[in-house]
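Colleague: I am new to this structure. Please take me through one part of the interior in detail.

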Amino acid sequence: MNKIVRSLVNAFKVPELRKKLLFTIFIFIVFRFAAHLPVPGVNNNALKMLFARNQFLNLLDIFSGGTLANFSIIAMGLNPYINASIVLQLLTMVFPKLEELSKEGEMGREKINQYTRFITVPLAAFQSLGMIAILRQQKIITNFNPLALTTIIITMVAGCLLLMWLGELITQYGIGNGISLLIFGGIVGRMPISLAQTFSLAETINFLNLVIFAVMAVGVIAAICFVDEAARQITISYARRIQGRRMYGGTTTHLPLKINQAGVIPIIFAVSLVLIPSIIAQYFQTLPNPTMVAVARFIANLFNPNGFFYNIFYFILVIGFTYFYTAVTFNPEKIADEIKKYGGFVPGIRPGKPTADYLNYILTRITLAGAIFLGLIAILPSLAKSLTGVTTMMVGGTGILIIVSVVLETSKALEAQLLMRSYDGFLKE
C-alpha cells in the first residue's frame with residue numbers, strides 16, 4: 001500500500017502524469033453523475049427489493065458499476081462490452097483470420113476493438129430486452145407502450161456505448177485500463193452504502209464477528225495479491241549460433257506460467273450458469289399446475305444461494321470453467337512451436353511435442369491450485385455470512401478480486417510511466 005501511495009505522490013510531481021491522473025478523476029466524476037440519472041417509468045422501491053433477493057442481478061450490478069440497482073441511464077453498464085470481448089476472444093481461437101489479425105500489432109488490435117464495438121450494440125439491445133422482461137414480470141415497469149419501451153432500450157444501449165467510450169478515453173488519455181477502472185469505481189462506489197448499513201446495525205452484530213470479518217477481508221486481499229503475482233518460471237535456453245564474426249544466442253530466459261491464468265472470467269461463467277435453475281424455478285412457481293409448482297419449489301430450495309448444494313455446485317463449476325478458459329487462452333503446442341522456431345528449448349526436454357507435453361503437464365498442475373482458489377473466492381460471501389453473520393458488507397469475492405487486480409494492474413502501469421520518465425530524464429542529462 002505504501003508503494004502505491006508513493007507512486008501516486010511521485011506521479012503528481014510530473015506534469016504529464018498529473019494531467020493523466022486528473023483526467024481519469026474527471027471521467028470518474030462523469031461516470032458517477034450518470035449513475036444517478038434514472039430511467040423514467042420504473043418503480044425504484046420494488047427494484048431495490050428485487051435486487052436484494054436476486055444474486056444474479058447483484059452480479060450484473062457489480063459489472064455495471066452499481067448503476068443497475070437504481071436503473072440509471074447507464075443501467076446496462078459494461079456487461080455487453082465484456083460479453084462481446086469474451087465472445088471475440090473465443091472466436092479468435094477458432095478462426096485463423098482473427099488470430100492472424102490479433103498478431104498484426106496496433107492496427108490489428110484496433111480492428112478487433114472495432115469488431116467488439118459492433119458486437120456490443122446487438123448484445124446490449126438483447127440484454128436490455130431481457131432486463132425489461134424481468135422487470136415487467138416483477139411489476140417494476142408498468143408502462144408497456146411500444147414507444148416508451150423503445151425509448152428505454154435506446155437509452156440503455158446508448159448508456160452502454162457512453163461507458164465504453166469513457167473507458168476508452170481513460171485508456172488513451174488517462175492511467176491504466178479504462179474498462180477495468182470503471183468497474184473498479186462502481187464497486188468502490190457501493191462500499192460507503194454498505195458501511196453505513198453495517199454501522200446502523202452495529203448494535204445487533206457481535207463485535208467479535210466484526211473483527212473476524214475484518215481479519216477475513218485482510219487475509220483474502222493478501223491471498224489475492226499473492227496468487228495474482230504467483231507464477232511458475234519455466235527455464236528457456238537458447239543455443240549459441242555464429243553468423244559471420246558474431247555469436248548470437250547462448251542466453252537463458254524464463255517463461256512465466258501464472259497460477260491464475262483465467263482471472264475472474266470463470267466466476268462470471270459459473271455464476272451465470274448456476275443461477276439459471278433458480279430463475280427458471282421462479283417463473284414456473286407462478287403456473288397454475290400444482291405438480292409444476294412443487295417441482296419448481298424443490299429446485300428453488302436446492303439452488304438456494306445459502307444452501308450447501310448450491311455452493312458445492314458453484315465451486316465445481318468454477319473449477320471446470322477455469323480449466324476450460326485456460327485451455328482456450330493458452331496453447332502449449334503453439335508456445336512450443338514458437339520456442340523451437342527461435343532456437344530455444346527447455347533444459348532436459350526435447351523441442352517440439354515433448355516440450356508441449358511438458359508445458360501442458362505443468363499448466364494442468366498449477367491450474368488446479370488457481371481453480372481451487374477461485375472456487376473459494378466465489379463461495380466466500382456464503383462462508384463469511386455463515387461465520388460472522390455480517391450480511392451488509394457482502395461485496396463478494398468477485399468484487400474483491402476485481403478491486404485488487406485493478407489496483408495491482410494500475411499500480412504497475414503507473415510505475416512503468418514513472419520509470420520511463422526517469423530514463424528520459426537520464427538520457428537528456
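Modeller: What follows is a close look at the nonpolar core, centred on one residue.

This is a predicted model, in which local features need pLDDT of at least 70, side-chain atom pairs count only at pLDDT 80 or more, and totals for chains, interfaces and linings use all residues. Residues are numbered from 1 along each chain as its sequence is written, and side-chain values use heavy atoms, with hydrogens and water left out.

A nonpolar core here is a set of buried Ala, Val, Leu, Ile, Met, Phe, Trp, Tyr and Cys residues joined through side-chain atoms within 4.5 Å. Buried means under 20% relative accessible area, computed with a 1.4 Å probe on protein chains only. The largest such core holds 56 residues. Leu-182, Ile-224, Ile-267, Val-274 and Tyr-314 have the most contacts inside it. Helix α14 (residues 308-329) gives the most to this core: eight residues. Helices are DSSP runs (H or I, at least four residues), numbered from the N terminus. There is also a second, separate core of 18 residues, with Phe-71, Leu-135, Ile-152 and Ile-153 among them.

Now to Val-274. Val-274 sits in helix α11 (residues 265-274). Its relative accessibility is 0%, so Val-274 counts as buried. Leaving out residues up to four places away in sequence, Val-274 touches Phe-303, Tyr-310, Phe-313, Tyr-314 and Leu-317. Contact means heavy atoms within 4.5 Å. Val-318 is 44 residues from Val-274 along the chain. The C-alpha atoms of the two are separated by 10.0 Å.

How values were computed:
Buried means under 20% relative accessible area, exposed over 50%, partly exposed in between (1.4 Å probe, protein chains only). Helices (H or I, at least four residues) and strands (E, at least two) are DSSP runs, numbered from the N terminus.
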